[in-house]
Amino acid sequence: MKVEVRYYSRSGNTKALAEAIAKGVGVEAISITDEKAPINDNVDILFIGGALYAYGLDNKIKKYISELDGTKISKAVVFSTSWLSKHSIDLLKKELTKKNISVVDKYLYYKNMPSAEELNEAETISKELIS
Ligand SMILES: Cc1cc2nc3c(=O)[nH]c(=O)nc-3n(C[C@H](O)[C@H](O)[C@H](O)COP(=O)(O)O)c2cc1C
């Protein structure tokens with residue numbers, strides 16, 4: 001099973017979550033701003049996450065998703081952090097759906113910087129999602 005983790009994070013909260021997910025599924029968490037970010041091979045599950053800024057997604061992650069080849073990605077799992085609102089989960093799902101990428105119902109969301117316990121939980125959930 002080919003699994004990839006991509007994220008966009010301004011201040012490190014979503015990055016920490018991405019790294020816990022990546023640890024759970026045994027791959028590297030790659031920022032969408034990294035030169036390794038483009039996806040060229042078929043992927044079974046893409047974990048993709050970004051935070052909420054002024055009730056929207058950062059344009060960088062919207063652009064990244066708009067440039068994905070939806071035919072290469074079987075399904076996606078979204079994740080996010082924010083102060084309060086889970087709207088970013090819906091917005092990520094919406095952008096992926098526009099690319100005909102099916103998104104699983106289960107998502108990972110934590111407020112601000114996830115605690116060590118929450119990061120452990122995210123690692124476990126991610127492991128279960130690919131099994
Ligand atoms: C400019 C700005 C706008 C934000 N707007 C919202 C918001 O509308 N709703 C919310 O719940 N959190 C909001 N947040 C909080 C961030 O979503 C939260 O700090 C998140 O964990 C940041 O993730 P990052 O460290 O991966 O960038 C905002 C943060 C910033 C810096």
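A residue counts as part of the shell around the ligand if its C-beta atom, placed from the backbone, lies within 6 Å of the ligand. With that meaning in hand, the helix α1 can be introduced as the element that gives the most to the shell, with three residues. The structure in which this shell is found is a predicted model, and the paragraphs below go from the overall fold back to the ligand.

The protein contains four helices and six strands, and, read from the N terminus on, these elements follow one another in the order β-α-β-β-α-β-α-β-β-α. Because the radius of gyration is 13 Å, close to the 14 Å that the globule rule gives for 131 residues, the protein is as compact as a globular protein of that length. Its C-alpha trace spans about 35 × 35 × 30 Å along the principal axes.

Turning to the packing of the chain, buried residues account for 38% of the 131 residues in the protein. Where contacts join residues at least 6 apart in sequence, 77% of them link residues that are at least 24 apart.

The ligand itself is surrounded by 18 residues, of which the closest are S9, S11, N13, T14 and A51. At least two residues of this shell come from α1, which covers 13-25, and at least two also come from β4, which covers 73-82. In chemical character, the residues of the shell divide into seven that are nonpolar, nine that are polar and two that are charged.

Conventions
Residues are numbered from 1 along each chain as its sequence is written. This is a predicted model: local features need pLDDT of at least 70, side-chain atom pairs count only at pLDDT 80 or more; totals for chains, interfaces and linings use all residues. The radius of gyration is taken over C-alpha atoms; the globule rule is 2.2 Å times the number of residues to the power 0.38. A residue is buried if 20 or more other C-beta atoms lie within 10 Å of its own, exposed if 12 or fewer, and partly exposed in between; C-beta atoms are placed from the backbone. Two residues are in contact if their C-beta atoms, placed from the backbone, lie within 7 Å. Ala, Val, Leu, Ile, Met, Phe, Trp, Tyr, Cys and Pro count as nonpolar, Asp, Glu, Lys and Arg as charged, and the others, Gly among them, as polar.
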